[in-house]
There are 2 protein chains.
Amino acid sequence: MVRDCSTDTVAKAVREYEGVTRKHDIGGMIKALRIEAPDVIASFGEDAAVIRHNTDDALLLAADGIWSRLMEADPFWAGYCAVLVNVHDIAAMGAKPVAMVDILSVTSERIRTEVTRGMVTASAQFGVPIVGGHLHPDTPYSVVDVAILGTARMDQLIFSHTAEEGDAVIAAIDLDGRIHPSCCLNWDSVTMKSSAEVRAQIELMQHLGAERLVTAGKDISNPGIIGTLGMLLEVSGKGAVVDLEAIPRPDLAALGIPFEQWVRMYPGMGFILTVRDEHVAEVCRRFSSVGMAAASIGRVDASRNLTVTYHGEKTEVFDLDRDGIMRIFADEDVCR
Amino acid sequence: MVRDCSTDTVAKAVREYEGVTRKHDIGGMIKALRIEAPDVIASFGEDAAVIRHNTDDALLLAADGIWSRLMEADPFWAGYCAVLVNVHDIAAMGAKPVAMVDILSVTSERIRTEVTRGMVTASAQFGVPIVGGHLHPDTPYSVVDVAILGTARMDQLIFSHTAEEGDAVIAAIDLDGRIHPSCCLNWDSVTMKSSAEVRAQIELMQHLGAERLVTAGKDISNPGIIGTLGMLLEVSGKGAVVDLEAIPRPDLAALGIPFEQWVRMYPGMGFILTVRDEHVAEVCRRFSSVGMAAASIGRVDASRNLTVTYHGEKTEVFDLDRDGIMRIFADEDVCR
């Protein structure tokens, strides 16, 4: 049982969390940027864009950056995370991460050295090379951004916009970790693991995609478990009811953190998936085999509301018709 | 004849130009970032990294950003250039630009709107979609970075590191343009052109690569005509002698700018190529057919010095053995 849990507290914490509110501007950007491009199968609203190549191949392209405050607090971890979030973006789509480029703006030699050390540590651990980039050597600020290329067969892709009414919602998280000392909202389950362990977790998503065991999926990023599910539902044009009690979690009492902090954390390895009932047991078993806790936490419905329940209590977190998160909606043809 | 031209003045202007000196930190970054990756055919030191895919295919990945001062001076032009420089990076390698992602940090709504308008204008004109990206909506600075994906057949690629002793050096530039009102070091030959015109210029490089008409090539970027040639020679482990009189140029007297400004300019469309003598006339003819002035401006030698000459006067610009520009050297196995 989750101690001191109230659905209202959790809903408010998620809704007003900066990890979620920072996504509100995305919709406007997308409308401004779109041009005709027949080979672009998916773009904004997915973790990575998908470009069809030679009929059956898919090329994936994504970019992600690290909040400047983390860059100042712990440049090594910022560099590590810049790689990690990009690898997650490709893995979440059922694809193979192939290569990255970095764009680095730094105020000092020390920050550059530490960020670079963080990036190359993650690059070597995950086996994804950094093959180029751009360095702004003399900026008044420090920021690290990474873009990533991935490859897949078209028929193994996992999208965010394809959740179906009636699917189970599965949360899969590596609980064997620690609260990162530099950031209380980062659940570090990766820096202490071997290459073989983290690569098996990343590759599992490719198998789930190729065997068509999931209907939709997304990596759990800054908006946390519930915020990420909200984004998936938003682009799928669906809703869901989630039972907070069912969300996989470490021993929060021992860690000394409240449940509403846990659900906002960015896990070192975590995915939200939607899965037909007949595949739920198999999907959970596969995650367990790579050291990740996976559980069915709710069910997709046609409501376009994301509601959380706890011991009979019930609160709506997002009215996706009215508010949205990224403010891109399924009826605007997000995924072309 | 170039008025008031001295080889010493030009050599010093190029050598001490920030567009060149900002490249000095690249070498250190590369050493720190390299990991084993057998499919990576080329990476740092080339305009784009090349990853082998399905035996005969090449996937290209590059990233480039815009100096923050341009972002403040003219956010529309900064956004336009962010796309342009990335399209150049892929075109210079003889490949097709396929899709881009942008990473945007902005201090204000106005800057975001203008940068976005610049990016989408260039994206539509060149026919290369922006398919995703990352937005830092609340930074204390404004910067725009773009990463780009390109594709080619392995046998049509043009590299920087493959110049051969005895080759002619060709500079190809679209002279039909203007000094950009927001930046006296930008030669804008693109904003006033049709999609068909600029796309033909970009596609020409793919034909030159496929027909093996050039031995090496690079787009003329911030370091300007001579600085860019220096970078190409640096990674090729070669030198060259360049005749300043032969460099294609608009009517500088009418524009009111000195020659040493022209050679440091970033042209809207410009490439440095090395070409065997038997192909020089054909390569120049092809550039002429797409509205670009191309001329043989010098010759590659084994010296590892870049020397400029003018009416019998002679000055060494770069001792590439001693100083380097990017400070990555051919014997360090830049291109794997």
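**View 1. Strand S15 of chain B, seen with its partners in this predicted model.** In S15(B), Asp243(B) has Thr309(B) as its bridge partner, and this pair belongs to the contact between S11(B) and strand S15 (residues 305–310) of chain B, two strands that run parallel and are joined by four bridges. On the antiparallel side of the picture, S15(B) pairs with strand S16 (residues 313–319) of chain B over six bridges. Thr309(B) appears in this pairing too, where it stands opposite Lys314(B) in S16(B).

**View 2. The hairpin formed by S15(B) and S16(B).** Two residues lie between the strands of this hairpin, and His311(B) takes a positive phi near 45° there. The two strands that the hairpin connects are paired in the antiparallel sense.

**View 3. Strand S11 of chain B beside strand S14 of chain B.** Strand S11 (residues 239–243) and strand S14 (residues 293–301), both of chain B, pair over four bridges in the antiparallel sense. Within this view, Ala240(B) of the model is found opposite Val300(B) in S14(B). S11(B) is also joined to S15(B), and there the strands run parallel.

**View 4. A salt bridge in chain A between Arg299(A) and Asp277(A).** The side chains of these two residues meet with a distance of 3.2 Å from N to O. Arg299(A) belongs to strand S14 (residues 293–301) of chain A, whereas Asp277(A) sits in the loop between strand S13 (270–275) and helix H11 (280–289) of chain A, so the salt bridge ties together parts that are 22 residues apart in sequence. Over all chains, the count of salt bridges comes to 26.

**View 5. Two loop residues of chain A with positive phi, Asn54(A) and Arg304(A).** Asn54(A), although it is not a glycine, has a positive phi of about 50°, and this residue is found in the loop between S2 and S3 of chain A. Arg304(A) is likewise not a glycine, and its phi is positive at about 60°; Arg304(A) lies in the loop between S14 and strand S15 (305–310) of chain A.

**View 6. The contact between chain A and chain B.** Chain A contributes 58 residues to this contact, and chain B contributes 58 residues. Between them the two chains bury about 4800 Å², of which 70% is on carbon and sulfur atoms. Zero salt bridges are counted between chain A and chain B, while six residue pairs are in polar contact, both residues of each pair being at pLDDT 80 or more. On the side of chain A that touches chain B, at least two residues come from each of several elements, including helix H3 (26–33), strand S4 (96–105), helix H6 (109–126) and strand S6 (143–153) of chain A. By class, that side of chain A has 35 nonpolar, 14 polar and nine charged residues.

**View 7. The axis that relates chain A to chain B.** A turn of 180° with a shift of 0.0 Å along the axis lays chain A on chain B with an RMSD of 0.0 Å, which means that the relation is that of a two-fold axis. The C-alpha of Ala147(A) is the one nearest the axis in chain A, at 3.2 Å from it. The same surface serves both copies, with 100% of the contact residues of chain A recurring in chain B.

Technical notes:
Residues numbered from 1 in each chain as written. Chains lettered and ligands numbered in written order. Heavy atoms only, no water. Contact = heavy atoms within 4.5 Å. Buried area = accessible area lost by both parts, 1.4 Å probe. Salt bridge = Lys/Arg side-chain N within 4 Å of Asp/Glu carboxyl O. Polar contact = N/O pair within 3.5 Å; in protein donor to acceptor, adjacent residues only side chain to side chain. Nonpolar A, V, L, I, M, F, W, Y, C, P; charged D, E, K, R; others polar. Least-squares fit on C-alpha atoms with pLDDT ≥ 70 in both. Pairing = 2+ DSSP bridges.
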